[in-house]
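Colleague: I'd like a close look at one small part of this model. Could you walk me through it, and then put it in the context of the whole chain?

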Amino acid sequence: MTEPTLDTEDAKQQLREAVRAHRHGRSSRERTEAGAAIARHASDIVADAGCVAVYAARPTEPPTQPLMDHLHERDIDVLLPMLGPGLSRDWALHRAGEPLEVRAPGRPPDPAGPGLGVTALQRADVVFVPALAVDRTGVRLGQGGGWYDRVLAHRRPDAPVVAIVFADEVSDAPLPRADHDKVVDGVLTPDGWWFVGEE
């Protein structure tokens, strides 16, 4: 008798749990080195950018503070997601040295604001997004809330979307994808970066 196949959401949830468990086992040294390497490799991607959307990483994610520092050092505007009214998501500019604050349990740290509205993403020349895994065709496994899949509708068509993951979270096998899942244009890891289809 054959085993029943998992539906897409069940398959994604199993993968999320596996990646999260693996991330919890990474050492602080590995995370620190990953953050520095990601910032170095991002230099080429943001070379001509005036504004970049990024995010404040949670403790187990590849660190993004070095990337934000890199952007600030080059006078590139840094756009971060923040918690808006009624737990909605918003965007705000982040300034060098400005503290970030966790405003709700389980949420990533937020900039102080003011919020600029969801359409502020149109300012960004490059959009870096979090992921738990990504495959070679640009299918991204997110945290499961769907916020980035919805908000990416507001980015400019010429602004590449680049997922940040640890190198071993790039999957050679296709990841499960629902109809609403947005693919990314590029992948950035501590080992390097590439645009999908240009490896």
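Is Thr-189 buried or exposed, and why does it count that way?

Modeller: Bear in mind that this is a predicted model. Thr-189 counts as buried because its relative accessibility is 3%, and the cut-off for buried is under 20%. As for where it sits, Thr-189 belongs to strand S9, which covers residues 186-189. Its side chain has a polar partner a little further along: the backbone nitrogen of Asp-191, at 2.9 Å. Then there's the company it keeps beyond its neighbours within four places in sequence. Thr-189 touches Ile-38 and His-41, then Val-165, Phe-166, Ala-167 and Val-170, and also Trp-194.

Now zoom out to the chain as a whole. The protein chain has four helices and 10 strands, and from the N terminus they run α-α-β-α-β-β-β-β-β-α-β-β-β-β. Of contacts between residues at least 6 apart in sequence, 70% link residues at least 24 apart. Buried residues account for 49% of the 199 in the chain.

On overall dimensions, the radius of gyration is 16 Å, which agrees with the value near 16 Å expected for a compact globule because the chain has 199 residues. The C-alpha trace spans about 60 × 40 × 35 Å along its principal axes. On the outside, the chain exposes about 10,000 Å², with carbon and sulfur atoms supplying 51% of that. For the charges, count 22 positive and 31 negative side chains, with the centres of the two sets 4 Å apart.

Terms used
Residues are numbered from 1 along each chain as its sequence is written. This is a predicted model: local features need pLDDT of at least 70, side-chain atom pairs count only at pLDDT 80 or more; totals for chains, interfaces and linings use all residues. Side-chain values use heavy atoms; hydrogens and water are left out. Helices (H or I, at least four residues) and strands (E, at least two) are DSSP runs, numbered from the N terminus. The radius of gyration is taken over C-alpha atoms; the globule rule is 2.2 Å times the number of residues to the power 0.38. Buried means under 20% relative accessible area, exposed over 50%, partly exposed in between (1.4 Å probe, protein chains only). Contact means heavy atoms within 4.5 Å. Accessible areas come from the Shrake-Rupley method with a 1.4 Å probe; for residues, only the protein chains shown count as cover. Lys and Arg count as positive and Asp and Glu as negative; His and the chain ends are not counted. The place of a charge is taken as NZ of Lys, CZ of Arg, CG of Asp or CD of Glu. A polar contact is a pair of N or O atoms within 3.5 Å; within protein, one must be able to donate a hydrogen and the other to accept it, and residues adjacent in sequence count only if both atoms are side-chain atoms.
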